[in-house]
Amino acid sequence: MVKKKNWLAKNWLILLTGLIVGAAAVILSKLGNPGNMGFCIACFERDIAGALGLQRAANPAGEPILSYFRPEIVGIIFGSLIMAVGAKEFKGKGGSSPVIRFILGAVVMIGALVFLGCPLRMVIRIGGGDLNAVVGLAGFIVGILVGVVFLKCGFNLGRAHEQKKAEAGAFPAGLLLMFILCTVGVIGVVTTAGLEGAPGGARAPWYASIIAGLVVGAICQRSRFCMAGGIRDAVMFRDFGLIAGFGMVIVTVLVGNLILGNFKGFAMEGNPIAHTDGLWNFLGMVVVGWGSALLGGCPLRQLVLTGEGNSDSAITVCGMIVGAAFSHNFKMASNGMGTGENGHLGVYIGLGILVVVSLLFTFCKKKEN
């Protein structure tokens, strides 16, 4: 009994974070975000790539369907930034293999869009009854385990160095400026709200999205919440706290969908914005898990670290946005009907890059040292 109290005392903030993240996903979907996609970092960054004209996904009529500067992303970064400043944890640092991090960010995004979701959407989909996401979860775990093997063998992208706070704040400031310009219509491409078959047109009110992002970013900054980190910590340190937060998201989304009458049961077919190709759901998330382990955090964690002043994570986020553009421009991204024309090739290339980077920064680094 004492051990249980100690565990709860240690992990209550992580559990609260899972509750808040899951609730935000359910509420945002209720307010207009796509079903089972109330809070998806990969999907939102893909829509931002479209809003900036980096990808031109369109329906047969030529209308953009994936173009909207998602306020949630801005909210997460600034929620983390505000909390980090308040806790005196906003510190500029970076310079740890930025080009490699950019490439790995792009690779992670390609894998996520083959699966159709980041690790956060994966657990949201499970809570919504999508069994395809369970297949994705298996792949995600395998990918992280492979990454952990290399971490235990000495994988290291190098030490980050202290930087000026102006450098730390440059990316958040630039992102906010682009968000404002897109929102007022000075620049950018926006999917028409309500356009049939257009996930970019399904969106909650911008102010609700901003508030949700700020709250999620702030609490994730305090709890160090991370999907990839949960599995990594369980394997390497026998610490199961983050995994508990992972489970709390699933439970919260499941209960929320039951309350709102959105839960139709667990099934492989008929789930929103999902395909049933098990092999590529699995392999896509292997890429995401492996890449996230090497980067030191999942896509959500990279946004939170960006808000804390980590320019390496900002570079990774840039890589993810560019990776989203590549995925759609070169037909690697999946859709509800199945994998993209070049999706398999994208996964193969991503796995090849991960193998090369893992080997180079493990065994070659050891030799240099």
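This is a short dialogue on reading salt bridges, helices, burial and contacts in a predicted model.

Q: Where do I start with charged side chains, and how many salt bridges does the structure hold?
A: Side chains of opposite charge can pair when their charged atoms come close. In this predicted model, the structure holds 7 salt bridges. One of them joins the side chains of Asp47 and Arg70, at 2.9 Å from N to O.

Q: Why does the pair Asp47 and Arg70 tie parts together?
A: Look at where each partner sits. Asp47 lies in helix H2, residues 41-51, and Arg70 lies in the loop between H2 and helix H3 (71-86), so the pair ties together parts that are 23 residues apart in sequence.

Q: Are Asp47 and Arg70 buried or exposed?
A: Read the relative accessible area. Buried means under 20%. Asp47 is at 0%, so this residue is buried. Arg70 is also at 0%, so Arg70 is buried.

Q: Which other salt bridge should I open, and what are its partners?
A: Try Glu89 and Arg224. Their side chains meet in a salt bridge at 3.2 Å, N to O. This pair links distant parts of the chain, 135 residues apart. Glu89 is in the loop between H3 and strand S1 (93-94). Arg224 is in the loop between helix H8 (206-223) and helix H9 (227-237).

Q: How do I classify the accessibility of Glu89 and Arg224?
A: Use the same kind of percentage. Partly exposed covers the range between under 20% and over 50%. Glu89, at 26% relative accessibility, counts as partly exposed. Arg224, at 33%, counts as partly exposed too.

Q: What about Glu341 and Lys331?
A: Their side chains form a salt bridge at 3.8 Å, N to O. Both residues are in the loop between helix H13 (311-329) and helix H14 (343-368), 10 residues apart. Glu341 counts as exposed, at 63% relative accessibility. Lys331 counts as partly exposed, at 46%.

Q: Which residues do shared salt-bridge partners join into one network?
A: Trace the partners from bridge to bridge. Here Arg46, Asp47 and Arg70 are joined into one network.

Q: How do I check the geometry of a helix such as H13?
A: Set its span against the expected one. H13 has 19 residues. From its first C-alpha to its last, H13 reaches 27 Å, close to the 27 Å expected at 1.5 Å a residue.

Q: What sits at the N-terminal end of H13, and what follows the helix?
A: Check the ends for caps and for backbone angles. Asn310 caps the N-terminal end: one of its side-chain oxygens lies 2.9 Å from the backbone nitrogen of Asp312. H13 is followed by Lys331, with a positive phi near 55 degrees.

Q: Where is Ser313, and what is it in contact with?
A: Place the residue, then read its surroundings. Ser313 is in helix H13. At 4% relative accessibility, Ser313 counts as buried. Leaving aside neighbours within four places in sequence, Ser313 is in contact with Gln302, Leu305 and Thr306.

Q: Why is helix H5 largely enclosed?
A: Count its buried residues. In H5, residues 119-127, 9 of the 9 residues are buried, so the helix is largely enclosed by the rest of the structure. Among them are Pro119, Arg121, Arg125 and Gly127. Just after H5, Gly129 takes a positive phi of about 95 degrees.

Q: Which residues form a nonpolar patch on the surface?
A: Look for nonpolar side chains grouped on the surface. Leu52, Leu54, Leu176, Met178, Ile180, Val184, Val186 and Ile187 form such a patch, with about 620 Å² of accessible area together. Ile180 lies in helix H7, residues 165-183. Ile180 is partly exposed, at 42% relative accessible area.

Q: How do I compare separation in sequence with separation in space?
A: Take both values for a pair. Thr192 and Ala23 are 169 residues apart in sequence and 27 Å apart in space, C-alpha to C-alpha. Ile349 and Arg101 are 248 residues apart in sequence and 16 Å apart in space, again C-alpha to C-alpha.

Q: What are the settings of Thr192 and Ile349?
A: Thr192 lies in the loop between H7 and H8. Thr192 counts as exposed, at 53% relative accessibility. Beyond neighbours within four places in sequence, Thr192 is in contact with Gly201 and Arg203. Ile349 is found in helix H14. Ile349 is partly exposed, with a relative accessible area of 45%.

How values were computed
Residues are numbered from 1 along each chain as its sequence is written. This is a predicted model: local features need pLDDT of at least 70, side-chain atom pairs count only at pLDDT 80 or more; totals for chains, interfaces and linings use all residues. Side-chain values use heavy atoms; hydrogens and water are left out. A salt bridge is a side-chain nitrogen of Lys or Arg within 4 Å of a carboxyl oxygen of Asp or Glu. Helices (H or I, at least four residues) and strands (E, at least two) are DSSP runs, numbered from the N terminus. Buried means under 20% relative accessible area, exposed over 50%, partly exposed in between (1.4 Å probe, protein chains only). The expected span of a helix is 1.5 Å times one less than its number of residues. A polar contact is a pair of N or O atoms within 3.5 Å; within protein, one must be able to donate a hydrogen and the other to accept it, and residues adjacent in sequence count only if both atoms are side-chain atoms. Patches are made of residues with over 30% relative accessible area and no salt bridge: like charges are joined within 9 Å, nonpolar side chains (Val, Leu, Ile, Met, Phe, Trp, Tyr) within 5 Å. Accessible areas come from the Shrake-Rupley method with a 1.4 Å probe; for residues, only the protein chains shown count as cover. Contact means heavy atoms within 4.5 Å.
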